[in-house]
Amino acid sequence: MDNLIQLVFGTFPSWSHLVVRLALGIIFFAHGAQKTFGWFGGRGLSATITGFRQMGVPSVLTVLAAFTECFGGLAMIPGFLVRPAALGLVIVMLVAIVKVHAANGFFLNFAMTPGKGHGFEFNFALLATALSILIGGAGAVSIDRLIVPLGE
């Protein structure tokens, strides 16, 4: 049982993980809140379900993805249960890359070429960031660190 608790909550006092975790949390919370609640100029859950359905994503998986982004991002900010949240975010980004962005290549469509979406570079950066947190934990100044401090 101690190994499971350490696997979920254990983290070293890394200040770099604090910075990465906060940035990841803000980005995912904002995007997830757009999809879930329609905040920050988003369209809300109903419109998100409709849009994802057009890509062949079932409604239940759309809700799961939107909630993972919103509440997984929110979990990152105080640093609580970040490893499970990061695992969810990694999965969401892998699906986003495969289902949506890979067909458009690597780069974002800064030229706004009509009929061409964004490539997967932003998703790749978010994936790598979430993977870093999954591997290393929440870092300094986190609830997880209060629960299981490592590297004393």
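Is Gly73 buried or exposed? In this predicted model, Gly73, which belongs to helix H4, has a relative accessible area of 0% and is therefore classed as buried, the cut-off for that class being under 20%. Between the C-alpha atoms of Gly73 and Gly115, which lie 42 residues apart along the chain, the separation is 30 Å.

At the surface, Leu22, Ile26, Phe37, Trp39, Phe40, Phe67, Phe71, Leu74 and Ile77 together make a nonpolar patch of about 830 Å². Two or more residues of this patch come from each of helix H2 (15-37) and helix H4 (59-76). Trp39, one of the residues of the patch, is located in the loop that runs between H2 and helix H3 (44-53); because its relative accessibility is 43%, Trp39 is counted as partly exposed.

The largest pocket of the model has a volume of about 940 Å³, and its lining comprises 32 residues, with Lys35, Phe52, Glu69, Ala96 and His101 lying nearest the centre. Two or more lining residues are supplied by each of H2, H3, H4, helix H5 (82-101) and helix H6 (121-136), and the greatest contribution is that of H5, which gives nine residues. By residue class, the lining of the largest pocket consists of 17 nonpolar, 11 polar and four charged residues. Helices H2 and H4 thus appear both among the elements that give two or more residues to the nonpolar patch and among those that give two or more to the lining of the largest pocket.

Terms used. Residues are numbered from 1 along each chain as its sequence is written. This is a predicted model: local features need pLDDT of at least 70, side-chain atom pairs count only at pLDDT 80 or more; totals for chains, interfaces and linings use all residues. Side-chain values use heavy atoms; hydrogens and water are left out. Patches are made of residues with over 30% relative accessible area and no salt bridge: like charges are joined within 9 Å, nonpolar side chains (Val, Leu, Ile, Met, Phe, Trp, Tyr) within 5 Å. Accessible areas come from the Shrake-Rupley method with a 1.4 Å probe; for residues, only the protein chains shown count as cover. A salt bridge is a side-chain nitrogen of Lys or Arg within 4 Å of a carboxyl oxygen of Asp or Glu. Helices (H or I, at least four residues) and strands (E, at least two) are DSSP runs, numbered from the N terminus. Buried means under 20% relative accessible area, exposed over 50%, partly exposed in between (1.4 Å probe, protein chains only). On a 1 Å grid over the protein atoms alone, a cavity is a set of points where a 1.4 Å probe fits but cannot get out, and a pocket is an open set with protein on both sides within 12 Å along at least five of seven lines; lining residues have an atom within 4 Å of a point. Grid points are joined across faces, edges and corners, and a volume is the space filled by probe spheres set on the points. Ala, Val, Leu, Ile, Met, Phe, Trp, Tyr, Cys and Pro count as nonpolar, Asp, Glu, Lys and Arg as charged, and the others, Gly among them, as polar.
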